[in-house]
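Student: Got a minute to go through this model with me? Let's take the sheet, then the ligand, then the hairpin.

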Amino acid sequence: MSLSKGCVLCYQGAKMVLFVTGRCYRSCWYCPLSGERKGTDTVYANEHPVDVPAQIIEEAENMSALGTGITGGEPLLCLDKVTMYCRLLKDHFGPDHHIHLYTAKAPYDTELSRMEGLVDEIRLHPPRECWNTILDTDYIRSVKRAKEMGYSIGFEVPALPGLELLIPALPYLDFLNINELEWGDSNAYEMRSRGHEPADDQHNAIQGAREWADELCRHDNVHWCSSAFKDSVQLRERLKRIAENTARSFDEITPDGTIVYGVLELPLQQKEICTQLCEQVFEPGSFETCDDHIEMAWWLLEKNADDLPGKKYVVERYPNGGMIVEVTPL
Ligand code: SF4
């Protein structure tokens with residue numbers, strides 16, 4: 001099996017996900033976009049909304065990114081923005097910063113020309129309706145032209161019944177990635193109305209999706225990307241890279257790349273007294289005073305819980321102010 005360079009970096013958790021628009025001219029029934037992102041023009045670098053382009057560089061630095069995956073919505077609806085961000089990333093990190101772009105369009109020559117030297121790898125998502133005539137579509141024309149221009153190019157499609165219809169396209173492609181179909185809030189109704197159900201209550205994977213891909217997966221340049229892999233390897237590796245760069249000296253980094261610390265919540269007056277106490281008793285760097293609470297090493301809080309007033313709990317969250325995974329009262 002030959003993996004695209006974008007996938008190799010993704011395995012290492014070294015790709016930043018740059019979501020450039022929630023707009024799209026298609027309306028795929030399985031679309032995984034959340035209601036919050038769909039139709040909007042908000043940009044996200046990984047999970048963080050971007051107000052100014054410099055935040056994209058900051059997020060890429062936070063995770064020591066070796067590359068960026070541009071996604072949406074339909075990124076080619078905002079090609080000016082895409083080329084501006086790619087230039088920014090290549091100028092800052094150098095030409096080896098690998099950029100792949102996902103699109104559901106068959107890009108025109110003019111669009112391909114504008115991305116030359118900026119995007120390294122293109123992943124086309126031909127809609128299900130055209131799979132049975134794939135060789136007669138503009139997607140193959142785009143693939144041929146992109147290859148002449150030096151791009152690495154392939155397909156990236158969700159696992160749906162009928163995947164084997166794409167076999168005739170394989171000789172033209174550098175790779176074909178199949179994403180395991182995933183259940184989500186935004187597509188649950190459509191999934192159910194088609195008789196699809198989650199494989200179990202732990203994961204978002206859909207029952208039977210792997211079997212639909214069996215025939216296609218026998219070919220060399222085809223890669224199956226499971227929902228479990230995305231969670232357990234790709235995301236975890238990315239979180240670990242971010243945690244290593246951003247964790248404070250008292251944050252504990254877990255094997256999953258989340259961070260753990262203790263929180264002491266106090267009324268304002270007690271907080272001032274407690275801050276002074278912490279300064280006298282604890283090592284510098286083992287706690288931090290925030291607006292309305294004190295954060296510290298979780299084990300330090302646990303050890304001193306009986307001697308400290310206020311509400312005490314341990315927080316596990318994604319690094320760099322990310323999503324809270326668990327709060328455990330002490
Ligand atoms: S092309 Fe992608 S973003 Fe657009 S509707 Fe389909 S799945 Fe959603």
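Tutor: Sure. This is a predicted model. It has an open sheet of 9 strands with mixed pairing, in the order β3-β2-β1-β4-β5-β6-β7-β8-β9.

Student: Which strands stand at the edges?

Tutor: β3 (48-50) and β9 (222-225). Each has a single partner strand, so one side of each is left without a neighbour in the sheet.

Student: And what does the twist average?

Tutor: The average is 25° from one strand to the next.

Student: In which sense do β4 and β5 pair?

Tutor: Parallel, over 4 bridges. Strand β4 covers residues 67-72, and β5 covers residues 98-103. Within that pair, threonine 68 has isoleucine 99 of β5 as its bridge partner.

Student: Switching to the ligand. Which residues surround it?

Tutor: Cys24, Arg26, Ser27, Cys28, Cys31, Leu33, Gly72, Gly73, Glu74, Ala104 and His125.

Student: How many of the shell residues are nonpolar, polar or charged?

Tutor: The shell around the ligand has 5 nonpolar, 4 polar and 2 charged residues.

Student: Now the hairpin. How many bridges join β14 to β15?

Tutor: There are 5, and the two strands run antiparallel. Strand β14 is residues 311-317. Opposite arginine 317 is isoleucine 324 in β15.

Student: How many residues lie between the strands of that hairpin?

Tutor: 6 residues. In this hairpin, asparagine 320 takes a positive phi near 60°.

Student: How many residues of β15 are buried?

Tutor: The count is 0 among its 6 residues, 324-329. Strand β15 is hardly covered.

Methods. Residues are numbered from 1 along each chain as its sequence is written. This is a predicted model: local features need pLDDT of at least 70, side-chain atom pairs count only at pLDDT 80 or more; totals for chains, interfaces and linings use all residues. Two strands pair if DSSP finds at least two bridges between them. Axes are lines fitted to C-alpha atoms, for helices over the stretch in contact, and angles run from 0 to 180 degrees between N-to-C directions. A residue is near a molecule or strand if its C-beta atom, placed from the backbone, lies within 6 Å of it. Ala, Val, Leu, Ile, Met, Phe, Trp, Tyr, Cys and Pro count as nonpolar, Asp, Glu, Lys and Arg as charged, and the others, Gly among them, as polar. A residue is buried if 20 or more other C-beta atoms lie within 10 Å of its own, exposed if 12 or fewer, and partly exposed in between; C-beta atoms are placed from the backbone.
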